[in-house]
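Some questions about the labels used for this model, with the reasoning behind each answer.

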Amino acid sequence: MEKHLLSKSTFIRGNQCLKSLYLNKKRPFLRDRLSPEQLAKFKRGHKIGELAQQLFPGGIDLKPKSPSQYRKKVVETAEVIRNNSYQTIYEAAFQYDRLLILLDILTKENGKWTACEVKSSFQLSETFLLDAAFQFYVMNGLNLQLKDFFLVYVNRDYDFSATPDLNKLFVKESVLEKILGLQDYIREQVAREKETLLLEKSPAIEPGPHCTRPYPCDFIGHCWKKIPREEWPHPPESNENFYELLSRLVGFD
Ligand code: SF4
């Protein structure tokens, strides 16, 4: 199995900016350092993913301990599916056409697989749909028939003062119809991103509003260095209040 060229996160990075995709692969040393707030945000995202796994108990966790285990986990996922040894897999790994995904939850009911991707957010966004569409594209390419695809996110109206109830904390929304309609776009964008990675120089993309949408790019220090600091983009505000309530419920910092 060849090493993957794009993962879900690099695909989303390339969808935001092809220059960011290129620099991330070829000039990673130009990346801005992660702030403590960003590190904390990643950590919370993982914790919420683990919490949502409890909605589907009894599964096998195939989460790789490091990127060097990706290919091993792809093989293990294929074995679990082939042997039908578990009905739920956390962090199932798939690779198709040098595209790698790790799906949060894959679960089987009445002989049919359903995919769930967990988001530490109160609502769905276009980026989450693209992310799900990319994952569907990979699994469909491997002929894994999915009965449905859900995005799982946090219920905005959850009563944090009540007895903890995961079924009320999370909202499960089927996005299968929507992501089916995005498959042509995914195929075209994958081709654009693969072509970009073959370039000798980074694509000539000027800094602009896309540098913080949907996510603050980590090459702002590099691309904006000739622009006065006061004109640099500000990252979108995070919802600290939400995380504080959630941390009280599940006990993470
Ligand atoms: S800072 Fe802006 S232009 Fe530069 S790589 Fe990031 S998104 Fe692209």
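A residue counts as near a molecule if its C-beta atom, placed from the backbone, lies within 6 Å of it. The model is predicted.

Q: What makes a residue part of the group around the ligand, and which residues are they?
A: The cut-off is a C-beta atom within 6 Å of the ligand. The residues around the ligand are Cys17, Lys19, Ser20, Leu23, Ile205, Pro207, His210, Cys211, Cys217, Phe219, Ile220 and Cys223. By class, nine are nonpolar, two polar and one charged.

Q: Which helices each supply at least two residues of the shell around the ligand?
A: They are α2 (18-26) and α9 (220-223). Of the shell, α2 gives the most, with three residues.

Q: Why is α1 called oblique to α5?
A: Helix α1 (residues 8-16) and helix α5 (residues 126-141) pack at an angle of about 130 degrees, their axes 10 Å apart. Angles of 65 to 115 degrees count as roughly perpendicular and those over 145 as roughly antiparallel; the angle of about 130 degrees fits neither range, so α1 is oblique to α5.

Q: Which residues of α1 and α5 meet?
A: Lys8, Phe11, Ile12 and Asn15 in α1 meet Thr127, Leu130, Asp131, Phe134 and Gln135 in α5. The residues of this contact divide into four nonpolar, three polar and two charged.

Q: Why is Lys172 called partly exposed, rather than buried or exposed?
A: Buried needs 20 or more other C-beta atoms within 10 Å, and exposed needs 12 or fewer. Lys172 has 15, so it is partly exposed. Lys172 lies in strand β7 (residues 170-174).

Terms used:
Residues numbered from 1 in each chain as written. Predicted model: local features only at pLDDT ≥ 70, side-chain atom pairs only at ≥ 80, totals over all residues. Helix = DSSP H or I, 4+ residues; strand = E, 2+ residues; numbered from the N terminus. Nonpolar A, V, L, I, M, F, W, Y, C, P; charged D, E, K, R; others polar. Axes fitted to C-alpha atoms, helices over the stretch in contact; angles between N-to-C directions. Parallel < 35°, antiparallel > 145°, perpendicular 65-115°, else oblique. Contact = placed C-beta atoms within 7 Å.
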